[in-house]
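Hi everyone, thanks for making time. I'd like to walk you through a structure that will be new to most of you, so have a look at it first and then we'll go through it together.

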Amino acid sequence: MPHPAGPLLTRDTATALLAARQAGMEAWTGSLDLERSQATATLLQDRWEWQGAPYPYPGTLKDRTIHYFDGTGWRPAARFSAALIKLVPTRWGAPTFEIDGIKMLPTSRVSPFEDARRKVALVAPRGKAVLDTCGGLGYFAACCLEAGVASIRSFEKNADVLWLRSLNPWSPDPDAPGSGGRLRLAHADVAQAIAGVDDASVDAVLHDPPRFGIAGELYAQAFYDQLARVLRRGGRLFHYTGTPNRLTSGRDVPREVARRLERAGFRAQPALDGILASRR
């Protein structure tokens, strides 16, 4: 799943680019890959050039939107099939994504990539085989690779989310040299695909499911029993639950999760915005 080589623009980036042309500058330096790096674009009157390729100047771009060049114009990094799925810029560089306007990753106080790094550290992935149940933009996988994981097997059910990953320079590319063949990414529903994972074949699990109302099967006792089956004794699991308000939701989801994990054969305790468990 290689990433396109073209630039990505937000409204702020486009504004800075156009302001440089209006000021008569011959070049503009800034980030064209969501703060992964800095680059210099050559500014001509009718176009701008980057890495030897020409691009048209953008018109008015949408706020809270990342735009990519599709060969004819600047398009939002968004798709609508069963739901509107959209890549959304953050002040941290690493983007989040939304499904029907619901933000899938935390961004208000910390970068979503840094948030993933803290959670990954809880399972200490260095030298381990890791199962990543709900891959999303791949930040768990990227942080595991960064931390020296031996191998990571990742599942993502939604084809539109996989497409967002292909645009996002913060998402890991399984085929990139830096991945070293350690990342296996499958387009599959882990609720079914986990049946094909061998017993006691992973050392750690990262489980970041959508909220309970969308994917209740990923909070079910039967699924937790499967996680216990594939995880070696002593292995760690981090389960994101969020912190839903019991007064409005009527449920204490973290407590329910901890109880089910205990029944599946784990020792469970609260950690960050989820549950950290170890296989007994």
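**A walk through the chain**

Let's start with a single residue: Pro270 counts as exposed, because its relative accessibility is 70%. Before I go on, please keep in mind that this is a predicted model. So where does Pro270 sit? You'll find Pro270 in strand β17, which covers residues 266–271. If you look across from there, you can pick out Thr241: the two C-alpha atoms are 9.8 Å apart in space, while Pro270 and Thr241 are 29 residues apart in sequence.

Okay, let's zoom out to the whole chain. What do we have in terms of secondary structure? There are 8 helices and 18 strands in the chain. The C-alpha atoms fill a box of roughly 65 × 45 × 30 Å along the principal axes. How does the radius of gyration look? For 280 residues, a compact globule would come out near 19 Å, and the chain has 21 Å, which agrees.

A few more whole-chain numbers. Buried residues account for 48% of the 280 residues. The accessible surface is about 13,400 Å², and 50% of that belongs to carbon and sulfur atoms. And if you take the contacts between residues at least 6 apart in sequence, 58% of them join residues at least 24 apart.

Now, the sheet I'd like you to find. It's an open sheet of 4 strands, in the order β8-β9-β10-β11, and the pairing is antiparallel. Which strands are at the edges? Those are β8, residues 78–80, and β11, residues 102–103, and each of them pairs on one side only. There's also a helix sitting on this sheet: α4, residues 159–167, packs there and touches β8, β9 (84–88) and β10. The direction of α4 makes about 20° with that of β9.

Let's look at the β10 end of things. Strand β10 takes in residues 96–99, and 2 bridges join it to β11, with the two strands running antiparallel. If you want one pair to click on, take Ile99, whose bridge partner in β11 is Ile102.

While we're in β10, let's move on to charges. A search of the whole structure finds 16 salt bridges, and I'll show you a few. One is between the side chains of Glu98 and Arg64, at 2.3 Å from N to O. Which parts of the chain does this pair link? Distant ones: Glu98 is in strand β10, Arg64 is in the loop between β5 (53–55) and β6 (67–69), and they are 34 residues apart. Is Glu98 buried or exposed? Glu98 is buried, as its relative accessible area is 9%. Arg64, on the other hand, is partly exposed at 41%.

The next one is more local. The side chains of Arg118 and Asp115 meet in a salt bridge at 3.4 Å, N to O. Both residues belong to helix α2, which spans 112–122, and since they are 3 residues apart they are separated by about one helical turn. Asp115 is buried, with 7% relative accessibility, whereas Arg118 is partly exposed, with 40%. And this pair has company: Asp115, Arg118, Lys119 and Asp273 are linked in a network of salt bridges.

Over in helix α8, there's a salt bridge between the side chains of Arg260 and Glu256, again with an N to O distance of 3.4 Å. Helix α8 runs over residues 253–264, and because Arg260 and Glu256 are 4 residues apart in it, about one helical turn separates them. As for Arg260, a relative accessible area of 17% makes it buried, given that the cut-off for buried is under 20%.

Last stop: backbone angles. Which residue between β4 and β5 should you look at? In the loop that follows β4 (48–50) and leads to β5 you'll see Gln51. Gln51 has a phi near 55°, so a positive value in a residue other than glycine. Gln51 is also exposed, at 62% relative accessibility. Then there's Ala200, in the loop between α5 (190–193) and β15 (202–207). Ala200 is not a glycine either, yet its phi is positive, at about 45°. With 37% relative accessibility, Ala200 counts as partly exposed.

That's the tour, so over to you for questions.

Notes. Residues numbered from 1 in each chain as written. Predicted model: local features only at pLDDT ≥ 70, side-chain atom pairs only at ≥ 80, totals over all residues. Heavy atoms only, no water. Pairing = 2+ DSSP bridges. Contact = heavy atoms within 4.5 Å. Axes fitted to C-alpha atoms, helices over the stretch in contact; angles between N-to-C directions. Salt bridge = Lys/Arg side-chain N within 4 Å of Asp/Glu carboxyl O. Buried < 20%, exposed > 50% of the residue type's maximum accessible area, 1.4 Å probe, protein only. Rg over C-alpha atoms; globule rule 2.2 N^0.38 Å. Areas by Shrake-Rupley, 256 points an atom, 1.4 Å probe, with all protein chains shown as cover.
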